[in-house]
Amino acid sequence: MNLDKIVCNCLDVTNGMIKDAVENGANTLEEVQEITGAGTVCGACIDDVQRLIDYFVAERDK
């Protein structure tokens with residue numbers, strides 16, 4: 001996975017920023033939004049952000 005790929009164009013939030021948020025304890029979309037702002041402007045990326053959260057939480061909890 002390219003951690004430099006932008007997932008939220010409105011705020012330039014990358015896959016890596018989502019990963020960092022999860023690794024620092026965020027477990028939900030709301031928690032990741034609070035940390036990164038991803039999905040809080042136009043909302044177009046919310047499904048992608050949620051998929052990344054699910055993936056990174058599963059990886060973290062292995």
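At 35% relative accessibility, Asp48 counts as partly exposed, and this residue of a predicted model offers a convenient point of entry into helix H3, which spans residues 46-60. Asp48 forms a salt bridge with Arg51, in which the closest N and O atoms are 2.5 Å apart. Because the two residues stand 3 places apart in helix H3, Asp48 and Arg51 are separated by about one helical turn. Arg51, for its part, is exposed, with a relative accessible area of 52%, a value that falls in the exposed class because that class begins over 50%.

The Asp48 and Arg51 pair belongs to a set of 4 salt bridges that the structure holds. Another of these joins the side chains of Glu59 and Lys62, with 3.2 Å from N to O; here Glu59 counts as partly exposed at 36% relative accessibility, whereas Lys62 is exposed, with a relative accessible area of 77%. A further salt bridge is the one in which the side chains of Arg60 and Asp61 meet, at 3.0 Å from N to O.

Arg60 deserves a closer look, since its contacts lead to another part of the chain. Arg60 lies in helix H3 and counts as partly exposed, at 31% relative accessibility. When its neighbours within four places in sequence are left aside, Arg60 is in contact with Val22, Glu23, Gly25, Ala26 and Asn27. For one of these partners, Gly25, the separation is 35 residues in sequence, while in space the two C-alpha atoms are 9.7 Å apart. Gly25 itself follows helix H1 and has a positive phi, near 110 degrees.

From Gly25 the path leads back into helix H1, which covers residues 15-23. Which residues of H1 are buried? They are Asn15, Gly16, Ile18, Ala21 and Val22, and the buried residues of this helix pack against strand S1, strand S2 (13-14), helix H2 and helix H3. Two of the names in that list, Ala21 and Val22, appear again among the contacts of Val32.

The interior of the model can be described through its largest nonpolar core, which has 16 residues. Within this core, Ile18, Val32, Val49 and Ile53 touch the most other members. The elements that give two or more residues to the core are strand S1 (6-8), helix H1 (15-23), helix H2 (29-36) and helix H3 (46-60), and H3 gives the most, with 5 residues. Val32 shows how such a position reaches across the fold: leaving aside its neighbours within four places in sequence, Val32 is in contact with Ile18, Ala21, Val22, Ala26, Gly37, Val49 and Ile53. That list includes Ile18, Val49 and Ile53, which are named together with Val32 as the members touching the most others in the core.

Helix H3 also takes part in the aromatic side of the picture. The structure holds 1 aromatic pair. The rings of Tyr55 and Phe56 have their centres 5.3 Å apart and their planes at 65 degrees, so the pair is edge-to-face; the assignment holds because planes over 60 degrees apart count as edge-to-face. What is the exposure of each partner? Tyr55, whose place is in helix H3, is partly exposed, with a relative accessible area of 41%, whereas Phe56 is buried, with a relative accessible area of 6%.

Tyr55 also connects helix H3 with the beginning of the chain, for together with Met1 and Leu3 it makes a nonpolar surface patch of about 310 Å². Met1 has its place in the segment before S1 and counts as exposed, at 60% relative accessibility. Leaving aside its neighbours within four places in sequence, Met1 is in contact with Asn15, Leu52, Tyr55 and Phe56, a list that holds both members of the aromatic pair as well as Asn15, one of the buried residues of H1. In another direction, the C-alpha atoms of Met1 and Ala38, which are 37 residues apart along the chain, are separated by 18 Å.

Technical notes. Residues numbered from 1 in each chain as written. Predicted model: local features only at pLDDT ≥ 70, side-chain atom pairs only at ≥ 80, totals over all residues. Heavy atoms only, no water. Phe/Tyr/Trp six-rings, centres within 6.5 Å; stacked < 30°, edge-to-face > 60°. Buried < 20%, exposed > 50% of the residue type's maximum accessible area, 1.4 Å probe, protein only. Core = buried A, V, L, I, M, F, W, Y, C linked by side-chain atoms within 4.5 Å. Helix = DSSP H or I, 4+ residues; strand = E, 2+ residues; numbered from the N terminus. Contact = heavy atoms within 4.5 Å. Patch = residues over 30% accessible without salt bridge, like charges linked within 9 Å, V, L, I, M, F, W, Y side chains within 5 Å. Areas by Shrake-Rupley, 256 points an atom, 1.4 Å probe, with all protein chains shown as cover.
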